[in-house]
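Hi,

Here is the structure I promised to pass on. Have a look at it first, and then read on for what turned up.

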Amino acid sequence: MWNLRRIAELDVIVRFYGSIVEMTGVREEKFDVQKGATVGDLIEALVSKYGPSFRRYTGSEGSTVSEGIVIMVDGRSIHLLSGMKTRLSETSQVAILHLYM
């Protein structure tokens, strides 16, 4: 039997590091995103869950994030991929960390 939810959505694992853990209160969680979703779509889902303070903290506006924020998909920086337009897959693991400067 087909699970239609699994066709329409992807379970993406998001791991938080550094001071972002204090903001979210968790180190890891799963997010359901639509098939074909991008890192930017995931960030919007995070803002929906954690509020506008998450956007201010990460500086995620449009196609960029703050200089001290690193987002990695499957171990690779989104700067080496397609930035916020990097597509997520069913097996994607996303890490979001704050570099202390």
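Before the aromatic pairs, a word on the term: rings of Phe, Tyr and Trp (its six-membered ring) count as a pair if their centres lie within 6.5 Å, and planes over 60 degrees apart make the pair edge-to-face. Keep in mind that this is a predicted model.

With that cut-off, searching the whole structure gives 2 aromatic pairs. In one of them, the ring centres of Phe16 and Tyr50 are 6.3 Å apart and the planes stand at 90°, so this pair is edge-to-face. Phe16 belongs to strand E1 and Tyr50 to helix H3, so the pair ties together parts that are 34 residues apart in sequence. Phe16 and Tyr50 are both buried. Ring pairs also bring in Phe54, giving a cluster of Phe16, Tyr50 and Phe54.

Now the overall layout. There are 4 helices and 5 strands in the protein, and along the sequence they follow the pattern α-β-α-β-α-α-β-β-β. The 5 strands make an open sheet with the order E2-E1-E5-E3-E4, and the pairing is mixed. E2 and strand E4 (76-77) are at the edges with a single partner strand each, so one side of each has no neighbour in the sheet. Helix H3 lies across E1, E2, strand E3 (69-73) and strand E5 (93-98), and runs at about 120° to E2.

A few totals to go with that. The protein has 101 residues, and 43% of them count as buried. Its accessible surface comes to about 6100 Å², with 54% of that belonging to carbon and sulfur atoms. Among contacts with a separation of 6 or more, 57% are between residues 24 or more positions apart.

E2 is worth a closer look on screen. What joins E2 to E1? The two strands run antiparallel, with 7 bridges between them. Leu10 stands opposite Val33 in E2, and Val14 stands opposite Glu29. In a regular strand, side chains alternate between the two faces of the sheet. You can see the alternation along E2: Glu29, Phe31 and Val33 point to one face and are buried, whereas Glu28, Lys30, Asp32 and Gln34 point to the other face and are not buried.

That leaves the charged pairs. Side chains of opposite charge can pair when their charged atoms come close. How many salt bridges does the structure hold? The count is 3, and here they are in turn.

Start with Glu28 and Arg15, whose side chains meet in a salt bridge at 2.7 Å, N to O. Glu28 sits in strand E2 (residues 28-34) and Arg15 in strand E1 (residues 9-17), so this pair ties together parts 13 residues apart in sequence. Glu28 counts as partly exposed, at 44% relative accessibility, and Arg15 is also partly exposed, at 24%.

Next come Lys49 and Glu29, a salt bridge in which the closest N and O atoms are 2.7 Å apart. This pair links distant parts of the chain, with Lys49 in helix H3 (residues 39-50) and Glu29 in strand E2, 20 residues apart. Is Glu29 buried or exposed? Glu29 is buried, because its relative accessible area is 14% and buried means under 20%. Its partner Lys49 is partly exposed, with a relative accessible area of 47%.

Then there are Arg55 and Glu44, whose side chains meet in a salt bridge at 2.8 Å, N to O. Arg55 lies in helix H4 (residues 52-58) and Glu44 in helix H3, so the pair ties together parts that are 11 residues apart in sequence. Arg55 counts as buried at 18% relative accessibility, while Glu44 is partly exposed at 39%. Which residues touch Arg55, once its neighbours within four places in sequence are left aside? Arg55 is in contact with Glu44, Val47, Ser60 and Glu61.

If you open just one view, you could pick helix H3 over the sheet: H3 holds Tyr50 of the edge-to-face pair, Lys49 of the salt bridge to Glu29 and Glu44 of the salt bridge with Arg55.

Cheers

Conventions
Residues are numbered from 1 along each chain as its sequence is written. This is a predicted model: local features need pLDDT of at least 70, side-chain atom pairs count only at pLDDT 80 or more; totals for chains, interfaces and linings use all residues. Side-chain values use heavy atoms; hydrogens and water are left out. A salt bridge is a side-chain nitrogen of Lys or Arg within 4 Å of a carboxyl oxygen of Asp or Glu. Buried means under 20% relative accessible area, exposed over 50%, partly exposed in between (1.4 Å probe, protein chains only). Two strands pair if DSSP finds at least two bridges between them. Contact means heavy atoms within 4.5 Å. Axes are lines fitted to C-alpha atoms, for helices over the stretch in contact, and angles run from 0 to 180 degrees between N-to-C directions. Accessible areas come from the Shrake-Rupley method with a 1.4 Å probe; for residues, only the protein chains shown count as cover. Rings of Phe, Tyr and Trp (its six-membered ring) pair if their centres lie within 6.5 Å; planes under 30 degrees apart count as stacked, over 60 as edge-to-face and the rest as tilted.
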